Amino acid sequence: MKQKYLTDVALISVTNTEFAAVNHFYDWRAKTLDNDEQIYDVASFERDGKTYTLVHAKAAEMGMTAAGTTAMKVIYEFRPRYLINVFRQCRS
């Protein structure tokens, strides 16, 4: 039977601030794919005897088109169970 999900969680960042903040949490390894300039960072962690996998990508620019394109590539290549868009909280 084909596995439904290949990755547990995928994170997509848009700004450098968001990207840097997420990179502090795990020991990421850069991964590239054929015919794709995007760099994907992958990591894993273990909790309660189970290993969870993560992928993190930064959209090339701000905007719905770039975020949508990055999400589409992440979904196609990594088939995550959850897809999370990272947002920086703004304080006034």
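**View 1. An aromatic cluster.** Rings of Phe, Tyr and Trp (its six-membered ring) count as a pair when their centres lie within 6.5 Å, and planes under 30 degrees apart make the pair stacked, over 60 edge-to-face, and the rest tilted. This is a predicted model, where local features need pLDDT of at least 70, side-chain atom pairs count only at pLDDT 80 or more, and totals for chains, interfaces and linings use all residues. Residues are numbered from 1 along each chain as its sequence is written, and side-chain values use heavy atoms, with hydrogens and water left out. Searching the whole structure turns up four aromatic pairs. Take F45 and Y52: their ring centres sit 5.3 Å apart with the planes at 25°, so this pair is stacked. Y26, W28, F45 and Y52 together form one aromatic cluster. Are F45 and Y52 buried or exposed? In between: F45 is partly exposed at 23% relative accessibility, and Y52 is partly exposed at 28% (buried is under 20% relative accessible area, exposed over 50%, partly exposed in between, with a 1.4 Å probe and protein chains only).

**View 2. The sheet and its helices.** Here's an open sheet of five strands, in the order β2-β3-β4-β1-β5, with mixed pairing. Helices (H or I, at least four residues) and strands (E, at least two) are DSSP runs numbered from the N terminus, and two strands pair if DSSP finds at least two bridges between them. At the edges stand β2 (29-33) and β5 (80-85); each has a single partner strand, so one side of each has no neighbour in the sheet. From one strand to the next, the twist averages 30°. Strands β3 (residues 36-47) and β4 (residues 50-58) pair in the antiparallel sense over eight bridges, and F45 stands opposite Y52 in β4. Helix α1 (residues 16-23) packs on the sheet and touches β1 (7-13), β3 and β4, with its direction at about 160° to that of β4. Helix α2 (residues 64-78) packs on the sheet too, touching β1, β2, β3, β4 and β5, and its direction makes about 60° with that of β3. Contact means heavy atoms within 4.5 Å; axes are lines fitted to C-alpha atoms, for helices over the stretch in contact, and angles run from 0 to 180 degrees between N-to-C directions.

**View 3. A salt bridge between helix and strand.** Which side chains meet in a salt bridge? K73 and D36 do, at 3.0 Å from N to O (the rule is a side-chain nitrogen of Lys or Arg within 4 Å of a carboxyl oxygen of Asp or Glu). K73 belongs to helix α2 and D36 to strand β3, so the pair ties together parts that are 37 residues apart in sequence. K73 is partly exposed, at 22% relative accessible area, while D36 is buried at 18%.

**View 4. A57 and the nonpolar cores.** A57, in strand β4, is buried at 0% relative accessibility. Leaving out residues up to four places away in sequence, A57 touches nine residues' worth of surroundings, including L11, S13, F19, Y40 and V74. S13 is 44 residues away from A57 in sequence, yet their C-alpha atoms are 6.3 Å apart. A nonpolar core is a set of buried Ala, Val, Leu, Ile, Met, Phe, Trp, Tyr and Cys residues joined through side-chain atoms within 4.5 Å. The largest one has eight residues: A10, L33, Y40, V42, V55, A57, V74 and F78. β3, β4 and α2 each give two or more residues to this core. A second, separate core has seven residues, among them L11, V22, W28 and A43.
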